[in-house]
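Open the model in your viewer and keep the selection tool at hand. The stops below go from a pair of helices to whole domains and then to the contact between chains.

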Amino acid sequence: MKITLQHVAHVRSGDKGNTSNIAVFAYEPKFYDVLREQLTAERFKVFYQGAITGPVTRFEVANIEAFNFVCEGALGGGVSRNLALDNYGKALSSAILGFELEVPDEWRDDLRGELRATSKT
Amino acid sequence: MKQIIRIGTGSGWWGDRISPAAELAKHGQLDYLCFETMAEATISAAQVRARRDPSFVGHDTYLEDRLRAVLPACLEHGTKIVSNQGWINPDAAAAKAVTLLRELGATGVKVASINGSLITERVLSLTDTILDNGEPTETLAETLISAEVYLGAEPIVQALAQGADIVFTGRVADPSLFLAPLMYEFGWDALDHAHLAQGSAIGHLLECGAQVTGGYFVDPGFKDVDRPWDLGFPIAEVSQDGSCVISKLAGTGGCVTRQTVKEQMLYEVHDPANYLTPDVTVDFTTAIVEEVGADRVRVSGVTGKPRSPTLKVSMGCIEGFVGEDMFFYAGPGALRRAEIAKTVLLERFKIVDLKADDVRIDYLGLNAIHGFATPDSAPEPYEIAVRVAARTRSREQAEKVGREVDGMAVSGIAHTGKRVPFQDRVREVIGIWSSLVARDRVQATVTLTES
């Protein structure tokens, strides 16, 4: 079934210069392989469209079931120069919660949050 | 030597809450309480303010509030304080602390200030290349207002070894504030990268305060947190081998879980196997993160590599101004009115010859926060704020933004909501650039005063 990422992972973004890092953490180890296969750096960058102007690098951090996406050119030139209302990009991470993933139907009971609103079975 | 050192966070940034620090000082049985109060542009902004406002002495503007909240309990329990509240004037921060200590009747308390981070006058001769764009640092000569080196833990260790009870620094790397007490207490050498990596990782987990205890974390139905209005600040109980348990005061809101620790572990990190600090290069990919009790998470296994031969330099430059304002639409047709208002503004900017390096007009409620990442399928909101911002070289140009938003009142679109212009609609841009400096070209100094 198709679900959004928020049901299998939680995320946090941080800023350094003009780069935002958006870290994605699988709620359970078994969700991690799905993220590895489906949430590639290329798809991540496409999903953010023009909001990330530079390259996206994905770092695997398997010991904490995480992928760290380092997104260059995501902060409008850096916090002070950034014309965005959210200068730090603190809320940038939440966009990826809507990324669509294909997961096995039998995971239904293990997924986090209410499925009704977002599932597209 | 103590078996366990207890370190707490007193603040994770300049604007952080103060009462959780007071609670930690009273009830945390802390050996050390550490305050982190700087952002990337703090030093440069302080330099600008100091030039204009002679009454600004150059340390954390909340220094007195924070010290008054924690000093009595810290004195009672023998808790030492390490803090980067010195900003551009650590000596003034120390002098303030001495005054407050005397007021409290505390004599013989040793307060240290650490200088040496500011290298504005020498930076162009000490550095070659701007890391961000590959240009020579010389290109910043005209606009440079401040340059500071990110110092490491060593000068703080020196101060503690000289008997300091309270240490104020200017710019040091955030994790170093927390690493220094561990190096001092456990006798870790500055080149002992195995232990320093673990200590730096602990500092990294603590440096943003509540971000490891349930702050910047709550998402109802997905990540629920007990009493998010009363988050306790973190405590690390650190063992001699460099492993630790992250916890918080019993009875406070928030939580310490594997999830909160994991999120903070990668916060503002790029390559997780090579997190560069002045003290050591940290590898988080070997960390073992385990829940060992309620609100208790053990972190061990962090490894590292020897520190790099260079230190990071941050250079702040005056780059111009941003003019910014907003106005509002609601009800049926809010978006169509917002869209024509955007067209009106863009045409007006041509008429008044706005000279801007960049202009951004958002529909707040639809696409202001995620910008180009907003999905095409996002529903039309009931209310929209049209928010406009432009980056310009001069203040005069930036002021045109607010003046054109003023025009949207009687000359604007039907049903335009506007607020009374109550705030400064122009802000200064302090651009931050980075470079590297050879470690041996920077010398920190430690000064001690006794109350």
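Select helix 3 and helix 4 of chain B: helix 3 passes helix 4 in a right-handed crossing (the near helix is turned clockwise from the far one by less than a right angle; anticlockwise would be left-handed). This is a predicted model, in which local features need pLDDT of at least 70, side-chain atom pairs count only at pLDDT 80 or more, and totals for chains, interfaces and linings use all residues. Residues are numbered from 1 along each chain as its sequence is written, with chains lettered from A and ligands numbered from 1 in the order in which they are written.

Helix 3 covers residues 63–77 of chain B and helix 4 residues 90–103; their axes come within 11 Å and cross at roughly 40°. Helices here are DSSP runs of H or I, at least four residues, and strands are runs of E, at least two, numbered from the N terminus. Axes are lines fitted to C-alpha atoms, for helices over the stretch in contact, with angles from 0 to 180 degrees between N-to-C directions. The angle makes helix 3 of chain B oblique to helix 4 of chain B (not under 35, over 145 or 65 to 115 degrees).

Now show B:L63, B:E64, B:L67, B:R68 and B:L71 on helix 3, and B:A93, B:K96, B:A97, B:L100 and B:L101 on helix 4, which make the contact (C-beta atoms, placed from the backbone, within 7 Å).

Next, colour chain B by domain: domain 1 is 4–116 + 151–308 and domain 2 is 315–433, with bounds from an automatic or database domain assignment. Their C-alpha centres lie 38 Å apart, and 6 residues of domain 1 of chain B touch 4 residues of domain 2.

Finally, select the contact between chains, with 35 residues from chain A and 45 residues from chain B.

Conventions:
Contact = placed C-beta atoms within 7 Å.
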